[in-house]
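Colleague: I would like a close look at a single part of this model, namely the strands of the second chain and how they pair. Could you take me through that part and then set it in its wider context?

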Amino acid sequence: MTDQDPLAVPYRERERSVTMERMGDQPVSGTDALLEDERHEELFTLNIGPHHPATHGVLRLLTTLEGEVVRDIKPIVGYVHTGIEKSCEDQQYWKVITFVERMDYLAYYFNATAYCMSVERLLDEEVPPRAQYLRVIHMELNRIASHLFALATGALDLGAITMLWWGCRDRDLVLDLFEMSSGQRMHPRYIQVGGVFEDIPPGWEKKVREFLAIMPTRLDQYEDLLDRNEIWLERLKGTGVISQERALELGVTGPLLRATGHPWDLRKAMPYSSYEQFEFDVPVGHFGDNYDRFKVRMDEMRESLKIVEQGLDGLPEGRYITSNRKVALPPRHELATSMEALIHHFKLVTEGFRVPPGETYVAIESPRGELGCYVLADGSAKPARLHMRDPSFVNLQSLPDMARDSLIADFIACVAMLDPILGGIDR
Amino acid sequence: MPDATGLELIAQRIRSSLGDEAVTGTSYSRGQATLDVAPAAVYDVLAYLSKGDEEPWRRLMSLHGVDYLPAEPRFGVHYQLLSMERCDRLNVRTRIGGDEPHLPTVIDLFPTVDYQEREVYDMFGVVFDGHPDMRRILLPEDYTGYPQRRDFPMGGEPVLFTFNENQYPRWYD
Amino acid sequence: MLTTRLDKVLNWGRANAIFPATFGLACCAIEMMSVVSPRYDIARFGAEAMRASPRQADMLILSGRVSIKMAPVVRRLYDQMLEPKWVVSMGACSSSGGMFSNYAVVQGADKFLPVDVYVPGCPPRPEALIYGIMKLQDKIMGDKAMGWRERYQAEGTGEVEPGIA
């Protein structure tokens, strides 16, 4: 290998960015006994990804196979590492919302809410009840959309393409609602520090209620389609089992943990954003296999529908954003009449607001588990450090435990039901 | 969250079982309890909190690295502990200085920190001694530098407009 | 006379049966999958046959941010595709780096491979992507020389395997 002429080095050598030494000739843990047996002499290392249709993005999995059986998996991540956390340190607090939304790109409302809640805690800012309700409604709609997409792509990985069409069809209904209330299908930057960007438009509530009327039937259709499908049941039941204790040790949260029977849901355990005023159940599974994960997601969608309905019924009157002019932009019509409003608007847009020094960690329940946001403020208008504890990043560690000693096909089912979002993992 | 008194009680219990220098301070602000721990005692304190304490904190939910650049010691590592029984959180913070900071790993207490310690190493260069696989996780293996440090340049390209195109002559070189 | 007619027929065929590679990078990948969904239905434009292997595809949709770790992989995928091939850069990030002007993101995928159509947006709506694909179809139908190396004056930039040449 010469440094002078890069073309003299084979292409494969040049592009290699991850060493494979640990996978090389060392025996993989737990397989030593088998190695002595004559029938199991050879372990085969197979690289899946980063470009592979079944890895939900650009996840790379170094699998060690023994015939058809997976003996070890090494997830290699970082292929969409975007440096968002570094970029956020260069942005004013209100501009950061745009960045954090792009981390976990199926749960954008959750990212924005986690971030805004941590900034609000640093500012000691009260969020008006109407804004809290609007946040809850949007987050739960987002949860439905996210679970639908997880289900659609998961079913696609298992070879059921109808679910992709149906899932996308109903996800588009949710995205239409987002578009109407906040202007864009994805990454709408609707959640603001101190509340939400705008009140819901007239007629939105009616459209949401139409959606709420349609959706239960649609969920029944999915259950008819998948839950009575022999192939679907065979591939999910009893595969990818992880025990509750192991899941807790690995920090797994969200539907994956609830599938093992642990009813840990931050919406219930540590309510935030007035979740304590809503009536809903936390679905749990029994065995912690892939089928339980699927069922938990299905039931969570039904619960989310209930929450959205209660949110619409009990939507309080009042402001949709805090009246603190130091944090929230003044309403548009005041700019023409009030000098102070104009000054506040100018200061906010050019300089942003300053946050007193301090650090905080706020966690909320995203569709994939505990989404935590750590913000360090140094008194300036830009955060000194922002870190997201992304649930996919932590949950991915449980993949080797789930898929070890199972067939490759079951391992694909595990990835599908794990529902990792690579944008969230790599940030 | 444990309130300010509860936090002091926790600190007292740690001091009485691990020695006075283990806990360097406590702070309670905005409903969040933070326990400052000497870097040498991190492992012992976390082991005590997770198993030995009368009110144990069994789960570690998150691990953050921080760079408090103008301040000394420069780096901080936060351990967000959670008690699912009491629905309570506790933040354990340690500060380390130097250009190549070292900390003991806590992977045998909390297996969940596997990726997160690697991420902190990747972004800040904090080496966790004893971690079985201390490699970069998000950036390419051959990357030099630790991008989340405050003195690491942001990178990227300047956006050229007509008003500033003279400021960046031949920026692409 | 006959050859130009034949060219036209071939290009017509190519433009109306594009095989995109299933290749999702980030947020835009979600919108790219929506394009396949019943509401937008890219099958109307003959590009619904997503291919998992780059060797079977002739259009690469770069849907999302390209990080420095991913760039060699993308280039490798592109090299594996057979001629004629086209690249659609979907979204602000892969077109120019977008909002992520930092150490980790390649500031525009055209730094390391030729891009035919740029679709702006963050993420672009599915309609925008379909419009981009229609623009690409126009380009294919009007383009006689199919090899991209001639199109971009990039002869001699191919992969060199030592020992073969």
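Modeller: What follows goes from the paired strands of chain B to the whole of that chain, and then to chain A.

This is a predicted model, in which local features need pLDDT of at least 70 and side-chain atom pairs count only at pLDDT 80 or more, while totals for chains, interfaces and linings use all residues. Residues are numbered from 1 along each chain as its sequence is written, chains are lettered from A and ligands numbered from 1 in the order in which they are written, and side-chain values use heavy atoms, with hydrogens and water left out.

Chain B has 3 helices and 7 strands, where helices (H or I, at least four residues) and strands (E, at least two) are DSSP runs numbered from the N terminus. Read from the N terminus, the order of these elements is α-β-β-α-β-β-β-β-α-β.

I take strand E5 of chain B, residues 88-96, as the centre of the account, and 8 of its 9 residues are buried, buried being under 20% relative accessible area with a 1.4 Å probe and protein chains only, exposed over 50%, and partly exposed in between. Strands count as paired if DSSP finds at least two bridges between them. On that criterion E5(B) pairs with strand E4 of chain B, residues 75-83, in the antiparallel sense over 9 bridges, and it pairs with E2(B) in the parallel sense over 4 bridges. B:Asn91 of E5(B) appears in both pairings, since B:Gln80 stands opposite B:Asn91 and B:Thr34 also stands opposite B:Asn91. E4(B) and E5(B) form a hairpin with 4 residues between them, and in its turn B:Cys87 has a positive phi of about 55°.

From E2(B), residues 32-37, the pairing continues to strand E1 of chain B, residues 23-29, through 6 bridges between strands that run antiparallel. Here B:Thr34 in E2(B) is the bridge partner of B:Ser27. E1(B) and E2(B) likewise form a hairpin, with 2 residues between them, and B:Arg30 in that turn has a positive phi of about 50°.

For chain B as a whole, 55% of the 173 residues are buried, and the C-alpha trace spans about 65 × 35 × 30 Å along its principal axes. Its radius of gyration is 20 Å, whereas a compact globule of 173 residues would have one near 16 Å; the radius is taken over C-alpha atoms, and the globule rule is 2.2 Å times the number of residues to the power 0.38. Of the contacts in chain B (heavy atoms within 4.5 Å) between residues at least 6 apart in sequence, 51% join residues at least 24 apart.

Chain A, by way of context, has 18 helices and 9 strands. Its radius of gyration of 24 Å agrees with the value near 22 Å for a compact globule of 427 residues, and 63% of those 427 residues count as buried. Residues 24 or more positions apart account for 69% of the contacts in chain A with a separation of 6 or more. Along its principal axes, the C-alpha trace of chain A spans about 85 × 60 × 35 Å.
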